[in-house]
Amino acid sequence: MVVLNGEAVNACLIRMWRFDGTDADIVTLEGIGHYPEGRILQEEMIAHTAFQCGYCAPGFLMAALPFLLGNNPQISDIPHVLTGNICRCTGYRSIVHALEQALIRLQKSRTC
């Protein structure tokens, strides 16, 4: 999964060569830390031990980044944001909780 122009997309379904030479904004997992929201998301996922094997981690992180970057993200939207990503290790509780905490931290930092 990558973030293409602010939207999480399945990279295997997009012909990325179409964007060569364009002004498309493409963020891969390696680039997530370039955003304050991405760093906070990473910190919260680690703090809440959100992943065990790490197989599903890239999909969840890349789905969450545009959500956190978006206008007026709400905790009630989190289940919808994570739809389509499958984790067989954690039962989702820690992933959802980490994303909730990341959102709370971002909301506090934006109001200060």
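## L103 and its surroundings

Not counting residues up to four places away in sequence, L103 touches F67, L68, P73, Q74 and I75. The model in which these contacts are found is a predicted one. L103 has its place in helix α4, and with a relative accessible area of 0% it is buried, since buried means under 20% relative accessible area.

A longer reach along the chain is given by the pair L103 and N85, which are 18 residues apart in sequence and whose C-alpha atoms are separated by 19 Å. One of the residues that L103 touches, L68, also takes part in the meeting of α1 and α2, where L68 belongs to the α2 side.

## Helix α1 against helix α4

Helix α1, residues 36-47, packs with helix α4, residues 93-111, at an angle of about 140°, and their axes are 8 Å apart. The two helices are therefore oblique to each other, because angles over 145 degrees would count as roughly antiparallel and those from 65 to 115 as roughly perpendicular. The crossing in which α1 passes α4 is right-handed. On the α1 side the contact is made by E37, I40, L41, E43, E44 and M45, while α4 supplies I95, A98, L99, Q101, A102, R105, L106 and R110. Sorted by class, this contact of α1 with α4 has eight nonpolar residues, one polar residue and five charged residues.

## E44 within the α1 and α4 contact

E44 is found in helix α1, and its relative accessible area of 9% makes it a buried residue, as the value falls under 20%. When its neighbours within four places in sequence are left aside, E44 is in contact with A98, Q101, A102 and R105, and these four residues are listed among those through which α4 makes its contact with α1.

With R105 there is also a polar contact, in which the side chains of E44 and R105 are joined at 2.9 Å. The buried E44 thus has a side-chain partner in R105.

## Helix α1 against helix α2

The axes of α1 and α2 come within 9 Å and cross at roughly 130°, so that these two helices are likewise oblique to each other. Their crossing is right-handed, as is the one in which α1 passes α4. From α1, the residues E37, G38, L41 and M45 meet L61, A64, L65, L68 and L69 of α2. By class, the contact of α1 with α2 has seven nonpolar residues, one polar residue and one charged residue.

Some residues of α1 serve in both contacts: E37, L41 and M45 appear in the contact with α4 and also in the meeting with α2.

## Two loop residues with positive phi

T49, which has its place in the loop between α1 and α2, has a phi near 45°, a positive value in a residue other than glycine. With 55% relative accessibility, T49 counts as exposed, since the exposed class begins over 50%.

N72 lies in the loop between α2 and α3, the latter being residues 78-82, and its phi, near 55°, is again a positive value in a residue other than glycine. N72 is exposed, with a relative accessible area of 60%.

Conventions:
Residues numbered from 1 in each chain as written. Predicted model: local features only at pLDDT ≥ 70, side-chain atom pairs only at ≥ 80, totals over all residues. Heavy atoms only, no water. Axes fitted to C-alpha atoms, helices over the stretch in contact; angles between N-to-C directions. Parallel < 35°, antiparallel > 145°, perpendicular 65-115°, else oblique. Left-handed = near helix turned anticlockwise from the far one by under 90°. Contact = heavy atoms within 4.5 Å. Nonpolar A, V, L, I, M, F, W, Y, C, P; charged D, E, K, R; others polar. Buried < 20%, exposed > 50% of the residue type's maximum accessible area, 1.4 Å probe, protein only. Polar contact = N/O pair within 3.5 Å; in protein donor to acceptor, adjacent residues only side chain to side chain.
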